[in-house]
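Got a protein and its ligand open and wondering where the empty space is? Let's talk it through.

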Amino acid sequence: MVSIHRCLAALIVLSVLTSPLMAQQRVELSVDTSNSGATINRNIFGQFAEHLGYGVYEGLWVGPGSTIPNTRGIRNDVVAALKAIKVPNVRWPGGCFADEYHWRKGIGPRRVVTLNPNWGGVVEPNSFGTHEFLDFIDQIGSEAYLSVNVGSGTPEEAAEWLEYLTTPQPTDLAKERGTNGHAAPYKIAYLGIGNESWDCGGNMSADYYLSQLRIFTRFVRNFNPEQRGDKQMLKIAVGPGGDEPRFTDWTEVVMKGWKNRQWSWDMQGLSMHNYTVVNWGNKFSSVGFGESEYSTVLKSTLKMEELIAKHSAIMDKYDPEKKIALVVDEWGAWYAPLPGSNPGFLVQQNSQRDAILAALNLNIFARHADRVRMANIAQMINVLQAMIMTNKETIVLTPTYYVFKMYEPFQDATFVPVTFNAGTYTSGNITLPRVDAIAAKDKSGKLWLEITNLDPNQPVEIETSLVGRNATSATGETLTAPKVDSVNTFESPDTVKPKPISAKVQVGKLTLKLDPKSVTVIGID
Ligand code: AHR
């Protein structure tokens with residue numbers, strides 16, 4: 001009798017454990033640590049700072065006379081926050097702004113006050129110019145990614161900007177640089193040749209742009225003797241901007257042109273822009289939404305994968321050795337402007353949904369690390385999917401900021417493949433993978449794992465088999481929030497903030513229970 005009872009009890013336990021609900025709540029991952037892929041270039045954690053709304057003015061530049069603590073006009077609180085996430089590069093001055101930017105208006109004691117027709121038609125004081133940007137880059141310990149004006153500028157203007165910035169020789173432009181406070185040549189790591197030249201950057205056809213690209217890459221030179229060989233400035237051409245057929249043609253034309261190039265010009269990167277926007281005509285709100293908008297936006301953001309795959313395949317045809325990087329230098333969520341804000345300033349909130357969205361995109365970039373070697377989220381401060389929001393002397397760190405902070409161990413780490421059956425999470429007629437994950441080894445050999453639980457309602461138990469490693473424990477951080485639309489505000493800045501998480505590893509298996517709608521990064525010892 002006793003044994004029959006025991007058998008029945010065991011059967012009941014077994015059936016509960018294997019019921020569809022339980023099966024759904026448990027995901028097995030396997031990481032073979034002896035296997036490794038490409039380096040996850042730290043530049044995929046790059047930022048974008050355009051002269052747009054409060055992105056530069058008020059966001060990072062308050063001027064030396066401000067009562068807000070600053071160093072030579074640049075906010076100390078913002079610098080400290082950005083240093084903490086180890087920003088690898090910053091793209092500046094635009095965006096659409098770049099193709100109307102004339103650098104001479106932003107140097108020297110007398111700045112030219114002009115307009116910013118793209119973004120609200122407001123006054124552009126040019127008080128934040130070349131020297132201020134490069135001071136900012138220096139203060140946060142990053143690298144400069146300048147975009148030169150191809151649309152309304154000339155090759156001569158761009159070439160002179162680079163001579164001004166980089167020559168050590170005593171030319172008139174170098175002397176002027178010295179007079180303006182910087183005798184030594186600057187280092188300019190990356191140079192964008194125009195921005196969205198198929199649209200706001202001049203409405204060019206692909207063939208016309210290619211002819212401009214040849215001219216600009218020929219004449220816009222970096223003269224800094226320290227930027228030779230593998231330290232050379234990388235030139236990035238305008239690439240596709242979404243999934244329309246015209247962008248497939250664009251990538252074809254530019255890559256074919258590059259393949260057939262003469263000795264006298266070259267490029268090292270092709271840009272790609274891809275925002276997460278469900279409906280351009282009637283954009284979703286960044287606040288006050290529910291699960292339906294959450295799942296719709298995440299479904300939309302996952303299109304990044306197919307877009308990268310599509311354009312990488314075209315690039316592979318002309319560049320099988322992957323010499324040219326795909327540079328996703330504008331990405332992120334683009335929602336409706338917050339009520340009461342200037343619509344031209346692209347002010348939006350940043351929620352736990354955006355944290356999940358950021359993790360999913362960073363994981364896509366990491367999985368394509370052999371081709372995607374740089375990316376710039378749009379935009380760094382107060383604009384679109386920002387890291388930081390400012391209000392006079394106060395700043396707020398967004399959920400997206402914390403994702404970038406948590407992912408810091410993945411900068412320049414070596415990709416390690418993870419195999420898993422992601423399961424599904426369904427909301428209405430939308431079905432998404434339940435989890436996403438990546439793994440990588442840092443320079444010291446330590447293994448890092450990121451796991452995103454997309455399901456906003458159910459926790460997930462993760463069992464990870466660690467093949468080829470005698471691990472004993474794992475510690476890290478997890479980021480979740482009370483609701484999918486939880487945000488950090490100036491009044492409640494800590495609603496969405498990472499918490500520590502730890503786990504034991506037993507018999508080569510790491511078991512973790514992850515909260516609904518969470519992003520988790522753990523290091524395995
Ligand atoms: O990031 C805002 C704008 O989006 C940029 O200026 C432009 O390049 C893109 O269309």
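What follows is a short chat about cavities and the ligand site in this predicted model.

Q: How do I find empty space inside a structure, and how many cavities of 30 Å³ or more turn up here?

A: Rolling a probe the size of a water molecule over the atoms shows where space is left empty. In this case, searching the whole structure gives three cavities of 30 Å³ or more. The largest holds about 50 Å³, and the second largest about 40 Å³.

Q: Which elements give two or more residues to the lining of the largest cavity?

A: Strand 8 (143-148) and helix 5 (155-166) do. Helix 5 contributes the most, with three residues. Among the lining residues are Tyr-101, Trp-103, Asn-149 and Trp-161. By class, that lining has six nonpolar, three polar and one charged residues.

Q: What lines the second largest cavity?

A: Its lining includes Val-277, Phe-284, Lys-283 and Trp-334. The split is six nonpolar, one polar and one charged. Trp-334 also turns up among the residues around the ligand.

Q: Where does the ligand sit, and which protein atoms lie 2.9 Å, 2.8 Å or 2.7 Å from its oxygen atoms?

A: The ligand takes up the space of the largest pocket. A backbone N or O atom of Cys-96 is 2.9 Å from a ligand oxygen, a polar side-chain atom of Glu-196 is 2.8 Å from one, and a side-chain N or O atom of Tyr-275 is 2.7 Å from one. Taken alone, the ligand exposes 280 Å², and the protein buries 94% of that. The shell around the ligand has six nonpolar, three polar and three charged residues.

Note on methods
Residues numbered from 1 in each chain as written. Predicted model: local features only at pLDDT ≥ 70, side-chain atom pairs only at ≥ 80, totals over all residues. Heavy atoms only, no water. 1 Å grid on protein atoms, 1.4 Å probe; cavity = no way out; pocket = protein on both sides within 12 Å on 5 of 7 lines; lining within 4 Å. Points joined across faces, edges and corners; volume = space filled by probe spheres on them. Helix = DSSP H or I, 4+ residues; strand = E, 2+ residues; numbered from the N terminus. Nonpolar A, V, L, I, M, F, W, Y, C, P; charged D, E, K, R; others polar. Near = heavy atom within 4 Å. Polar contact = N/O pair within 3.5 Å; in protein donor to acceptor, adjacent residues only side chain to side chain. Areas by Shrake-Rupley, 256 points an atom, 1.4 Å probe, with all protein chains shown as cover. Sits in = over half its atoms within 2 Å of the grid points.
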